[in-house]
Amino acid sequence: MGILVIGSVAFDSVETPFGQVEEVLGGSGTYFSTSASFFTDVRLVAVVGEDFPPEHLEFLRSRGVDLSGVKTAPGRTFRWKGRYGYDLNEAQTLDTQLNVFAAFRPELPTGFEDAEYIFLANIDPELQMEVLRQVRRPRLIACDTMNYWIGGKREALLQTLKSVDTLVINEGETRQLAGEANLVKAARAVLAMGPKTLVVKRGEYGVLMFTEHSVFSAPAYPLESVFDPTGAGDTFAGGFIGYLAATGNLSEHNIRRGIVFGSVMASFTVEDFSLNRLRTLHHDEIQDRFRQIKLLTEFNVEE
Ligand code: AMP
């Protein structure tokens, strides 16, 4: 079963302690789609400007991503500029230019409205809601967001969250959304906003999943070289939701496996700038790291 995703397709300019890049391919929709394409079919809804090079679209097409919902509009493509210090867990946004996304109104191409798995990647919550209005009866609606929207479009975001099954956000966003410093209390408050499952991304410290009755912890894959964390969150979500859609199984056990596949995918993205590492990634490398994370956390309570 495929996934319908709405998210940003962007030019990113990024500075890390290990180097910098200008106007490379990025965007929440781009990272998510590419990552999920290793597991299932993906249909992307987004807008790019006239300055967007055809080879970037060709790359997504080569991954099997359906681009019939990607419009080219007059104007400039979305741009994001960010910086990371030695603590690679939190990006500092230097500049956000919505450009063609400012006037974008998503219209789903015929057939998209039957999508069973929806991912509302990080983008204006009003656009996320607009997509939800056009779909019929999805099995799963998952969602991401960031401080930019939590602060700037809070009411629209709270409205979107009422329809969301699974929210995937980072630790700082969880605290900001809840207005609560303690992560466990903050998670409870976020669950009360609508989502049945909250997945909190904690960078190199892994992921915590909260439901009303359970908490699950998955480590990040321990890497010796982390080059650029941009897109790690979206890549995580792509692996996670991609795995759920591919298996069609929404049991908690399967959600836990999906979280580990998401962590595996994110561990590849951070090894290089932009989507470069995903361009050369093979399925056996994904399976191999999945097994390694399993070994990493295996222990016996009894001798
Ligand atoms: P992540 O590192 O996974 O949290 O996401 C980074 C990606 O999100 C970058 O490729 C950016 O282009 C994109 N991004 C940054 N800010 C926004 C925003 N306000 N809305 C949509 N996408 C954004």
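## A loop residue to start with

Asn99 sits in the loop that links strand E7 (92-97) to E8. Its phi is near 45 degrees, a positive value in a residue other than glycine. How covered is Asn99, buried or partly exposed? Asn99 counts as partly exposed, because its relative accessibility is 28%, and buried would mean under 20%. Keep in mind throughout that this is a predicted model.

Ser274 makes a good companion case. Phi of Ser274 is near 50 degrees, again a positive value in a residue other than glycine. Ser274 belongs to the loop between helix H9 (252-269) and helix H10 (276-279). With a relative accessible area of 5%, Ser274 is buried.

## The four-strand sheet

Strand E7, which leads into the Asn99 loop, is part of an open sheet of four strands. The order is E3-E2-E6-E7, and the pairing is mixed. On the edges are strand E3 (19-26) and E7, each pairing on one side only. Neighbouring strands here are turned by 15 degrees against each other on average, direction ignored.

E7 pairs with E6 in the antiparallel sense, over five bridges. If you want a register marker for that pair, Gly82 stands opposite Thr93 in E7.

## The nine-strand sheet

At the other end of the Asn99 loop is E8, and E8 goes into an open sheet of nine strands. Reading across, you get E5-E4-E1-E8-E9-E10-E11-E12-E13, with mixed pairing. Strand E5 (66-73) and strand E13 (215-218) are the edges, each pairing on one side only. The twist from one strand to the next averages 15 degrees.

Now for some of the pairs. Strand E8 (residues 117-120) runs parallel to strand E9 (residues 140-143), and four bridges join them. Within that pair, Phe119 stands opposite Ala142 in E9. Further along the order, strand E10 (residues 166-170) pairs with E11 in the parallel sense over five bridges. The bridge partner of Val168 in E11 is Val199.

## Strand E11 and its hairpin

Strand E11 (residues 197-201) is mostly covered, with five of its five residues buried. Which way do the residues of E11 point? Thr197, Val199 and Lys201 go one way, while Leu198 and Val200 go the other, and all are buried. That split fits the general pattern: in a regular strand the side chains alternate between the two faces of the sheet.

E11 also pairs with strand E12 (residues 207-210), in the antiparallel sense and over four bridges. Leu198 stands opposite Phe210 in E12. The hairpin of E11 and E12 has five residues between the strands, and in this hairpin Gly203 takes a positive phi near 55 degrees.

## Around the ligand

There are 20 residues around the ligand, and Ser8, Asp12, Gly27, Gly231 and Asp234 come nearest. Three of these have polar distances worth noting. A polar side-chain atom of Asp12 is 2.5 Å from an oxygen atom of the ligand. For Gly231, a polar backbone atom lies 2.7 Å from an oxygen atom of the ligand. For Asp234, an N or O atom in the side chain is 2.8 Å from an oxygen atom of the ligand. On its own the ligand has 510 Å² of accessible area, and the protein covers 90% of that.

Which elements supply at least two residues of the shell each? They are strand E2 (10-16), helix H1 (28-36), strand E6 (78-83), helix H4 (147-152) and helix H8 (232-247). H8 gives the largest share, three residues. By type, the shell divides into 10 nonpolar, eight polar and two charged residues.

Two of those elements, E2 and E6, are also strands of the four-strand sheet. As for H1, nine of its nine residues are buried. Among them are Ser28, Thr30, Tyr31 and Phe32.

## A buried arginine

Finally, take Arg289, located in helix H11 (residues 283-297). Arg289 counts as buried, because its relative accessibility is 11% and the cut-off is under 20%. Along the chain, Arg289 and Met265 are 24 residues apart, and their C-alpha atoms are separated by 9.0 Å.

Technical notes:
Residues numbered from 1 in each chain as written. Predicted model: local features only at pLDDT ≥ 70, side-chain atom pairs only at ≥ 80, totals over all residues. Heavy atoms only, no water. Pairing = 2+ DSSP bridges. Axes fitted to C-alpha atoms, helices over the stretch in contact; angles between N-to-C directions. Near = heavy atom within 4 Å. Polar contact = N/O pair within 3.5 Å; in protein donor to acceptor, adjacent residues only side chain to side chain. Areas by Shrake-Rupley, 256 points an atom, 1.4 Å probe, with all protein chains shown as cover. Nonpolar A, V, L, I, M, F, W, Y, C, P; charged D, E, K, R; others polar. Buried < 20%, exposed > 50% of the residue type's maximum accessible area, 1.4 Å probe, protein only.
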